[in-house]
Amino acid sequence: MSTILRSSNLRKTAAFLFCAILSFVPGISSGHAFPDHADPKVGSTISVSPVHVRIWFDGNLEPLFSTIIVQDAKGRKVDKGDGQVNPVDDTLLDVSLPPLPPGTYRVIWSVVARDGHKTAGDYTFTIR
Ligand SMILES: [Cu+2]
């Protein structure tokens, strides 16, 4: 019993280390996926309500398990509900927005990379 537990933990540790090492090797896109850049930019203040929020990742995303939503300052969902991995670029997560009034908005994302590992985060932008 304890031997089985130990070897299962060992396997998990090995898998984690393998993934951690991969994510530090440039040019290999099978590690965890992390955001590379976003539009609107993280923490930015803009003067026009954006038509989309887009986040580009450093790896390929699994469309079935990757989500993106946008909330207003009161936590109400304001996006059009079509958040998805872009069908022609699986490193891009996007969602469309209706015209929004001035305010601060939070983008909440969660993605699963091709290696099955999940990363998640959020950021804000402000429309003035
Ligand atoms: Cu990973």
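**Exercise 1. Work out the order of the strands in the mixed open sheet, and find which strands stand at its edges.**

Solution. In this predicted model, four strands form an open sheet whose order is 2-8-7-4, with mixed pairing. Strands here are DSSP runs of E with at least two residues, numbered from the N terminus, and two strands pair if DSSP finds at least two bridges between them. The edges are taken by strand 2 (45–46) and strand 4 (67–71), each of which has a single partner strand, so one side of each is left without a neighbour in the sheet. Strand 4 is joined to strand 7 (residues 103–112) by five bridges, and the two run antiparallel; within this pair, Val 70 has Val 107 of strand 7 as its bridge partner.

Residues are numbered from 1 along each chain as its sequence is written. Because the model is predicted, local features need pLDDT of at least 70 and side-chain atom pairs count only at pLDDT 80 or more, while totals for chains, interfaces and linings use all residues, and side-chain values use heavy atoms, with hydrogens and water left out.

**Exercise 2. Describe the surroundings of Arg 106, beginning with its place in strand 7.**

Solution. Arg 106 lies in strand 7 and is partly exposed, at a relative accessible area of 36%, where partly exposed is the range between buried (under 20%) and exposed (over 50%), using a 1.4 Å probe and protein chains only. Not counting residues up to four places away in sequence, Arg 106 touches Ile 69, Val 70, Gln 71, Asp 122, Tyr 123 and Thr 124, contact being heavy atoms within 4.5 Å. With Asp 122, the side chain of Arg 106 makes a polar contact of 2.3 Å, a term for a pair of N or O atoms within 3.5 Å in which, within protein, one must be able to donate a hydrogen and the other to accept it, and residues adjacent in sequence count only if both atoms are side-chain atoms. Arg 106 and Thr 124 are 18 residues apart in sequence, yet their C-alpha atoms are 4.3 Å apart in space.

**Exercise 3. Decide whether Asp 79 is buried or exposed, and list its side-chain partners.**

Solution. Asp 79 sits in the loop between strand 4 and strand 5 (84–85), and its relative accessibility of 10% means that it counts as buried. Its side chain makes a polar contact of 3.1 Å with the side chain of Lys 77, and it also reaches the backbone nitrogen of Gly 81 at 2.7 Å.
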